[in-house]
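Trainee: I am new to this structure and would like to go through it step by step. Could we look at it together?
Mentor: Certainly. Please bring it up, and ask as you go.

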Amino acid sequence: MKHEPIQGGTLSTGLWHVPVEYDVSNTKLMAQYDGIGGIRKYSVAGKWRMLKEASWYCGWSVNGELTPNDVRKQVTCRGKKQRIAYDTFRSVNMNVEQYCHSNENVLYTVYQVHNTDGSAVIFDLHFGFEIDAESYYSYNIRRFRKAEAVVPAVTPENSMGFTMTIAEDFSLQYRSNHSLEQLVHEDGRCNIHYRLTIDPGQTERLVFVITAGAAVAVTQMDAWLAASQTAATAVDKENVWLEETFSSRDKELNALYGFCLNASLSSFKNLGGGFRGYFAGIDYQSPPRTYFRDGYWTLLPTLPYKPDWVRGQILTLANGILENGSCPSAVIYNQDNGQYEPFWPDHYDSPSFFAMMIYDYLAWTRDFSLLEENVNGNTVEALMEKALGYLTSFVSQDGYLFMKPENRRDWADNVFREGYAVYDLALYIRALSGASSIYCLLGQTEKADDYGNRSRGAKEQLKHLMKEDGFFNYKNSNGAVEPNISIELSLLILYGILDEAEQQSLLAEMAAQLETRNNKEQLFGDWGTMAVYPFYKHVHHLVEKTMAPYRYHNGGDWPYMSGIYAWAKLWAKDEGWRYPLTRWFQASLENGWLTPIEYYGPVYGKGSNLQGWSAMPAAAMLMGGAGLWPRLEDEELALQTPPWGDCTFKHIQFRGRTYRLSFAGGKWDIHSDAIKA
């Protein structure tokens, strides 16, 4: 298949039988379409995998003749929809649209078959799938420490639908607008056959809907089926909105922005019971949880569009902060009892991310009521102070930087880093600075000065360390240094820790070491932006996937980190910004990865699909390229000249107003729903 960028998405062309895998998600489900008319994956968010992966098969014939192997197709993937348009075969024009509802747990498939011949044709469609009983057993073993074998029961409701049931809360329901020619089922497998007679010049529209999890009333299935066109129109409207968020003369950037923003939007989940937050990705949904670090980088692209979602994320994460201020990697929501639980306690980047979320949310909204929200007997403001105070408890009396204990509890969770970890310290400096700004605007001068002094002191101490040892990854308390250049060092530029000369020096080293187009020592040519180089040298500090070079934290390309690096380049007006911003996207299209992936490399492949924080390149374009990165104390929008030239950003939400920002002829034109600036 050939995959190319289009406005807000991708277009794939090739033979009809070659898969084109595309992930979609809304607040209640995750699914993957296969580009052949099938549903390759389907999960209820935070709970079950309902379909056995890749069990779906599909084929069709016209007047008994199977589709030849050389028939071609075009597959458009954008937002929550995949559309397949086939070449004409035996006078039949066919397209297939598959999409999920905007916010309900239901999947739609629509076959539209048009007969251009002068006589009637017989169209046969045959497909099948298998319910994922193993997912049910795994869930119950985790929940009850046992699971009993159950044979799925299939109950036909009429000629147009049926229900497959394993348990009260684990069923799959199917409904269509045409009678089934045949339904065969055995041990959780279903085989479905339709036969349609299509008169000359006529079009038949075959629609079926699927939902899973807890059974719904038949009337609800009928209502969803009847509303298939309404649901399609709603998804199309969302896609138009997605396309409009960014437009320019640069086809690649237009596609990239929507490609990324869709991943961030798709990650948001509303599970009820107070859980409103971002899942990390397709492979991180059970048990249902939201991470501090993944959540932060995932929310930045959507903060300018959905600030209320970010508010929900902050309140959900607040449930994971302990009384001493320590924060876990993530917060689990137990849907059985409505309680929150810590997931992998005591991470050393999480407290900073919590404070940074609050600062960024306030900078975009000025909604200070967030600070007064009560979570488990503490206000959000108090929890922010506890979190920062926890990290400060690791600072020596004569210094400003905290010493990380020897563990792997930050984003590089396959690396045991102890002492001064530059990544954690850069976040800490940013978090302290943000807290100072918050208290300054609140008029609490003493607290503002205290946080400001600590932030400035930590900045100067870190700069002193780097003058002694050069740019480094981490420095142990015994003086041992991991000297590799890490993509994490981009944060030193973004957070104003380095002066201009130091920024240029660091960017030159990063370009030489991390951008594979420049690095001739690594063995695989031009394939992306590496997380570190040289590879980690202390083997006893490495575990699991990071033990291997070119893999995971040890030199893989993480699109979210590439986005942060591109942001730093854009912010510093470095001419090499485009490579880290787009090279991973090009690699994705080369490999048929049609949603942002978690990470990849030249040896070990890729991580999860539709990964939320891999949306960061969109934030880099808006905040780094256009300069729309508001400070809390700023009263007006401050923009800079985008290096790609004329462009428009639409639907921006800033402090209660909606903005359209257009750059043309060397200047910005700012429109809002209330004013023209």
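Trainee: How many residues lie between strand 1 and strand 2 in their hairpin?
Mentor: There are two residues between them. Gly8 sits in that turn, with a positive phi of about 75°. Please keep in mind throughout that this is a predicted model.

Trainee: In which sense do strand 1 and strand 2 pair?
Mentor: Strand 1 (residues 2-6) pairs with strand 2 in the antiparallel sense, over five bridges. As an example of the register, Glu4 has Leu11 of strand 2 as its bridge partner.

Trainee: Which strand in the seventies pairs with strand 2?
Mentor: That is strand 8 (residues 72-78), which pairs with strand 2 in the antiparallel sense over six bridges. Leu11 appears here again, standing opposite Thr76 of strand 8.

Trainee: And is strand 2 mostly covered or mostly open?
Mentor: Strand 2 (residues 9-15) is mostly covered, with six of its seven residues buried.

Trainee: Let us move along the chain. How many residues separate strand 9 and strand 10 in their hairpin?
Mentor: Five residues lie between strand 9 and strand 10, and Arg90 in the turn has a positive phi of about 50°. The pairing of strand 9 (residues 81-86) with strand 10 is antiparallel and has five bridges. Within it, Ile84 is matched with Val96 of strand 10.

Trainee: What joins strand 10 to strand 11?
Mentor: A hairpin does, through six residues. Strand 10 and strand 11 (residues 107-115) run antiparallel and are joined by nine bridges. One of the partnerships is that of Glu97 with Val110 in strand 11.

Trainee: Why is strand 10 described as largely enclosed?
Mentor: Eight of the nine residues of strand 10 (residues 92-100) are buried, so the rest of the structure largely encloses this strand.

Trainee: Now the helices. How many residues of helix 5 are buried?
Mentor: For helix 5 (residues 292-302) the count is 11 of the 11 residues, so this helix is largely enclosed by the rest of the structure. The buried residues include Arg293 and Asp294, as well as Phe292, Tyr296 and Trp297.

Trainee: At what angle does helix 5 cross helix 15?
Mentor: The axes of helix 5 and helix 15 (residues 616-625) cross at roughly 50° and come within 8 Å. That angle makes helix 5 oblique to helix 15. The crossing of helix 5 with helix 15 is left-handed.

Trainee: Which residues make that contact?
Mentor: Helix 5 contributes Trp297, Leu300 and Pro301, while helix 15 contributes Met616, Ala618, Ala619 and Met623. By class, this contact of helix 5 with helix 15 has seven nonpolar residues, with no polar and no charged ones.

Trainee: What about helix 8 and helix 10: within what distance do their axes come?
Mentor: The axes of helix 8 (residues 380-392) and helix 10 (residues 445-469) come within 13 Å, and they cross at roughly 35°. The crossing of helix 8 and helix 10 is left-handed.

Trainee: Which residues meet there, and how do they divide by class?
Mentor: From helix 8 they are Glu381, Glu385, Leu388 and Thr392, and from helix 10 they are Lys447, Tyr451 and Arg454. The contact of helix 8 with helix 10 divides into two nonpolar, one polar and four charged residues.

Trainee: Changing topic, where are the cis peptide bonds that I should look at?
Mentor: One runs from Ser286 to Pro287, with omega near 0°. Pro287 lies in the loop between strand 21 (275-278) and strand 22 (289-291). Another joins Tyr533 and Pro534, with omega about -10°. Pro534 belongs to the loop between strand 32 (532-533) and helix 13 (559-571).

Trainee: What is the phi of Tyr550?
Mentor: Tyr550 has a positive phi of about 70°, although it is not a glycine. Tyr550 is located in the loop between strand 32 and helix 13.

Trainee: Is Tyr550 buried or exposed?
Mentor: Tyr550 is buried, with a relative accessible area of 8%.

Trainee: And what about Arg366: what is its phi, and where is it?
Mentor: Arg366 has a positive phi of about 60° and is likewise not a glycine. Arg366 lies in the loop between helix 7 (350-365) and strand 25 (374-375). Arg366 is partly exposed, with a relative accessible area of 24%.

Methods: Residues numbered from 1 in each chain as written. Predicted model: local features only at pLDDT ≥ 70, side-chain atom pairs only at ≥ 80, totals over all residues. Heavy atoms only, no water. Buried < 20%, exposed > 50% of the residue type's maximum accessible area, 1.4 Å probe, protein only. Helix = DSSP H or I, 4+ residues; strand = E, 2+ residues; numbered from the N terminus. Axes fitted to C-alpha atoms, helices over the stretch in contact; angles between N-to-C directions. Parallel < 35°, antiparallel > 145°, perpendicular 65-115°, else oblique. Left-handed = near helix turned anticlockwise from the far one by under 90°. Contact = heavy atoms within 4.5 Å. Nonpolar A, V, L, I, M, F, W, Y, C, P; charged D, E, K, R; others polar. Pairing = 2+ DSSP bridges.
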